[in-house]
Amino acid sequence: LKPAYADAYYNRGLTYNQLFHHYSKPFSAEVTEKYNNAIADFDKVLELDPTYVLAYAGKGNAYYRNGEFDNATAEFDKALDSMALILEQSEGKGLAGVYGSRARNYKEMLEVNKSSSDYEQAIALDPKLMIALSHHASNYAMIGEYEEAVKTYDAEVDILENDPDYKDYAWGYYTYKG
């Protein structure tokens with residue numbers, strides 16, 4: 001109905017991103033098509049609205065989920081080159097999400113210091129970004145800083161136990177106890 005409605009392409013790209021992950025490679029032709037569709041949707045968003053910089057992060061997540069970590073980093077960097085626009089369009093949580101996504105990508109590349117730095121940025125912007133807390137804690141564990149890992153997991157569990165918005169968020173307990 002609205003072929004120039006960038007939000008529709010963006011949200012469809014996000015949905016496609018949920019349908020594949022590099023852990024499941026090799027991909028079938030159908031899954032590869034979902035990846036290609038995600039990239040095409042984010043490119044369309046940027047064609048329609050070059051200021052829709054969260055599309056770079058969406059594209060970065062598609063590359064990450066396809067195992068193209070260098071390409072993912074480049075797209076996350078493009079998004080973060082426009083921090084002011086992200087803050088204007090989505091406030092701190094959108095920017096936290098971009099930092100968290102780039103951190104996850106760095107973690108996959110075993111660049112733990114860069115990953116931890118980005119997780120710290122994400123958590124500073126959104127202290128209840130559970131995925132950032134969990135992954136940041138596991139970064140500490142990866143490098144043998146177990147006391148810091150436990151403190152970070154404790155912060156996550158504190159939110160789970162004291163914030164009713166997170167009462168059904170079991171992942172934090174799994175990562176803490178797992």
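Are Phe 20 and Tyr 35 buried or exposed? In this predicted model, both Phe 20 and Tyr 35 are buried, and the two residues provide a starting point for a description of the aromatic contacts, the nonpolar core, the charged pairs and the backbone geometry.

A pair of aromatic rings is described by the distance of the centres and the angle of the planes. For Phe 20 and Tyr 35 these values are 5.7 Å centre to centre and 80° between the planes, an edge-to-face arrangement. Phe 20 is located in the loop between α1 and α2, whereas Tyr 35 belongs to helix α2, so the pair ties together parts of the chain that are 15 residues apart in sequence. Phe 20 and Tyr 35 are also members of one aromatic cluster, which is completed by Phe 27 and Tyr 63.

Across the whole structure, the search returns 6 aromatic pairs. One of them is formed by Tyr 10 and Phe 42, again edge-to-face, with 5.9 Å between the centres and 70° between the planes. Because Tyr 10 lies in helix α1 and Phe 42 in helix α2, this pair ties together parts that are 32 residues apart in sequence. Tyr 10 and Phe 42 are each buried. When neighbours within four places in sequence are left aside, the contacts of Tyr 10 comprise Phe 42, Val 45, Tyr 52, Leu 54 and Ala 55.

Tyr 10 also has a place in the largest nonpolar core, which has 41 residues and in which Tyr 10, Val 45, Ile 86 and Val 98 are the residues with the most contacts. Two or more residues of this core come from each of the helices α1 (6-17), α2 (29-48), α3 (54-65), α4 (69-80), α5 (83-108), α6 (112-125), α7 (130-142) and α8 (146-162). In soluble globular proteins, nonpolar side chains tend to be buried together. A polar residue, Ser 115 of helix α6, is likewise buried, because its relative accessible area is 0%. Apart from residues up to four places away in sequence, Ser 115 touches Ala 103, Tyr 106, Lys 107 and Asn 139.

Aromatic rings also meet charged side chains in the model. Arg 104 lies over the face of Tyr 64, at 3.8 Å from the ring centre, and Lys 2 is placed over the face of Tyr 5, at 5.5 Å from the ring centre.

Side chains of opposite charge can pair when their charged atoms come close. The search of the whole structure yields 10 salt bridges, among them that between Asp 43 and Lys 59, in which the closest N and O atoms are 2.6 Å apart. Since Asp 43 is part of helix α2 and Lys 59 of helix α3, the pair ties together parts that are 16 residues apart in sequence. The relative accessible area of Asp 43 is 33%, so this residue is classed as partly exposed, while Lys 59, at 11%, is buried.

A second salt bridge joins Asp 77 to Arg 102, with the closest N and O atoms 2.6 Å apart. This pair links distant parts of the chain, Asp 77 being in helix α4 and Arg 102 in helix α5, 25 residues apart. Asp 77 counts as partly exposed because its relative accessibility is 27%, and Arg 102 is buried with a relative accessible area of 14%. Together with Asp 118, Asp 77 and Arg 102 are linked in a network of salt bridges.

A further salt bridge connects Glu 148 with Lys 151, their closest N and O atoms being 3.1 Å apart. Both residues of this pair, Glu 148 and Lys 151, lie in helix α8, 3 residues apart, about one turn of the helix. Glu 148 is partly exposed, at 28% relative accessibility, and Lys 151 is exposed, with a relative accessible area of 51%.

Two features of the backbone complete the description. Most residues other than glycine have a negative phi, and most peptide bonds are trans. The peptide bond that joins Lys 25 and Pro 26, however, is cis, with omega about 5°, and Pro 26 is found in the loop between α1 and α2. Leu 110, although not a glycine, has a positive phi of about 65°. Leu 110 is situated in the loop between α5 and α6 and is exposed, its relative accessible area being 63%.

Key. Residues are numbered from 1 along each chain as its sequence is written. Side-chain values use heavy atoms; hydrogens and water are left out. A nonpolar core is a set of buried Ala, Val, Leu, Ile, Met, Phe, Trp, Tyr and Cys residues joined through side-chain atoms within 4.5 Å. Buried means under 20% relative accessible area, exposed over 50%, partly exposed in between (1.4 Å probe, protein chains only). Helices (H or I, at least four residues) and strands (E, at least two) are DSSP runs, numbered from the N terminus. Contact means heavy atoms within 4.5 Å. Rings of Phe, Tyr and Trp (its six-membered ring) pair if their centres lie within 6.5 Å; planes under 30 degrees apart count as stacked, over 60 as edge-to-face and the rest as tilted. A charge sits over a ring if NZ of Lys or CZ of Arg is within 6 Å of the ring centre and within 35 degrees of the ring normal. A salt bridge is a side-chain nitrogen of Lys or Arg within 4 Å of a carboxyl oxygen of Asp or Glu.
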